[in-house]
Amino acid sequence: MYDFFLRGKLGRYPPWPGKIVSPPKDLKKPRGKKCHFVKFFGTEDHAWIKVEQLKPYHTHKEEMIKINKGKRFQQAVDAVEDFLKKAKGKEQNSDSKGDSKGKKASNKPLKILEEDDEDLSALKDPSEKDLTDSDPEPSTIERLGAGPGSGFKWESSPASSMEPISKRLKIIEEDTGSTSIQAADSTAINGSITPTDKRIGFLGLGLMGSGIVSNLLKMGHIVTVWNRTAEKCDLFIQEGARLGRTPAEVASMCDITFSCVSDPKAARDLVLGPSGVLQGIRPGKCYIEMSTVDPETITELSQVITSRGGRFLEAPVAGSQQLSNDGMLVILAAGDRTVYEDCSSCFQAMGKTSFFLGEAGNAARMMLILNMVQGSFMATIAEGLTLAQATGQSQQTFLDILCQGQMASTFVDQKCQNILQGNFKPDYYLKHIQKDLRLAISMGDMANHPTPMAAAANEVYKRAKALDQSDNDISAVYRAYIH
């Protein structure tokens, strides 16, 4: 068993315990990379992991536990330890049976067999043997420094914090006319994503875009990248991406071009500015706007793209940097339905679920409503934590109680723990949630619908921005209450 440094060269993934298994027969190994197909403990997730990123489990266990304090990571470690405990028990039982028959127990390492897989890769310490593409693949997984066992089977797990690579999607038609593409139940997963043969372009390598591109590449898509700060492209070039010199060049080179930038102005400039996307649009070219912007911006971009014969789809994403890295985003799409269908493998690679919401502009509206709720909720949680402190109550106890009630969620747990630890490393920028609140309030005004809760939360975030918290996580809104 191994801890995996999933950050790799890109430095975004936490270590995670898992074991090497054989990939599905129809899943190709990434070209030019010495890697193994890994199944992770505590989840139903898989990934191709480079050889140099594999570390012995027992050697690095304590170090990794100190680095990663997350609840899900601890659950994964618990799953490993529970498995090893059971495996050791089986070994002892096996030894007892061997002794009772007067036979000498073997000194060779016992094997861990996979019930449903007769052709699994070997799991070995790199110091014993080089893990290369030319290595043979025995039919078992050898144990490493821990009790062995047999008949281990990966069970369906709760919502995963890691990336399910073998995603089979099903389409659900709803009464509203929207369509949801969802990952099939994990117990039924037995295949892999087949990447589209269309050339993919991606503009914008920020918190969200970086994780999306990484997952597109991992799933075998051909991706050309561009970013305003060109240095950010270097890491992805090392991972197999191609480089575009301008947005116009990317759009002209690629069949489908995605964009994920910070705000309406940036989205417009990318399309309409010098060497912008519009200059590279030709009949049949697809442009997908993933930025969280207002419906008016989407309408404008849709009109200019289609005026050149292009095809337009909006597809903002609900999630965070971590969910983007994990390929677990929720995609809200609207516009050209055929583009949505052409992007099926891309959406599978970057998200766990996607919804088609009809005409262009609907996804922007829904995204702003969702972020309005999230931003308001985060501000309320921060207010509760500070009120607990002001009235002499334990903030940790407040969180413990909160996480046992109806509002319990990974979001609440992670954000509150970060606040208590003073860790405001951005998972979703505070300045962006304030922008979303502002746009949602404006949307409410245009619909003649009151948004007093959002308006109050917006003021708190504006105060946090005035305290230089713009580039911190949204949980840094807490600091608006203590200054």
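Let me begin with a pair of helices, where α14 passes α15 in a left-handed crossing, and I should say straight away that what we are looking at is a predicted model. The axes of helix α14, residues 430-446, and helix α15, residues 452-466, come within 9 Å and cross at roughly 150°. On the α14 side, the residues that make this contact include Leu430, Ile433, Leu437 and Ile441, and among those that α15 contributes are Ala454, Ala457, Tyr461 and Ala464. Sorted by class, the contact of α14 with α15 has 9 nonpolar, 2 polar and 4 charged residues.

Helix α14 comes up again when we turn to the second largest pocket, since α14 is one of the elements that give two or more residues to its lining, together with α3 (207-218), α4 (234-238) and α6 (264-272). This pocket holds about 1,000 Å³ of space, and of the 36 residues that line it, those nearest its centre are Gly206, Cys260, Val261, Ser262 and His432. By class, the lining of the second largest pocket is made up of 15 nonpolar, 11 polar and 10 charged residues.

Finally, I would like to look at a single residue, Pro247, which is found in helix α5, residues 247-253. Is Pro247 buried or exposed? Pro247 counts as buried because its relative accessibility is 7%, and the cut-off for buried is under 20%. If we leave aside its neighbours within four places in sequence, Pro247 is in contact with Leu203, Trp226, Leu270, Ser275, Gly276 and Val277. As for Leu203, it stands 44 residues from Pro247 along the chain, and the C-alpha atoms of the two are separated by 6.9 Å.

Technical notes: Residues are numbered from 1 along each chain as its sequence is written. This is a predicted model: local features need pLDDT of at least 70, side-chain atom pairs count only at pLDDT 80 or more; totals for chains, interfaces and linings use all residues. Side-chain values use heavy atoms; hydrogens and water are left out. Axes are lines fitted to C-alpha atoms, for helices over the stretch in contact, and angles run from 0 to 180 degrees between N-to-C directions. Helices (H or I, at least four residues) and strands (E, at least two) are DSSP runs, numbered from the N terminus. A crossing is left-handed if the near helix is turned anticlockwise from the far one by less than a right angle, and right-handed if clockwise. Contact means heavy atoms within 4.5 Å. Ala, Val, Leu, Ile, Met, Phe, Trp, Tyr, Cys and Pro count as nonpolar, Asp, Glu, Lys and Arg as charged, and the others, Gly among them, as polar. Buried means under 20% relative accessible area, exposed over 50%, partly exposed in between (1.4 Å probe, protein chains only). On a 1 Å grid over the protein atoms alone, a cavity is a set of points where a 1.4 Å probe fits but cannot get out, and a pocket is an open set with protein on both sides within 12 Å along at least five of seven lines; lining residues have an atom within 4 Å of a point. Grid points are joined across faces, edges and corners, and a volume is the space filled by probe spheres set on the points.
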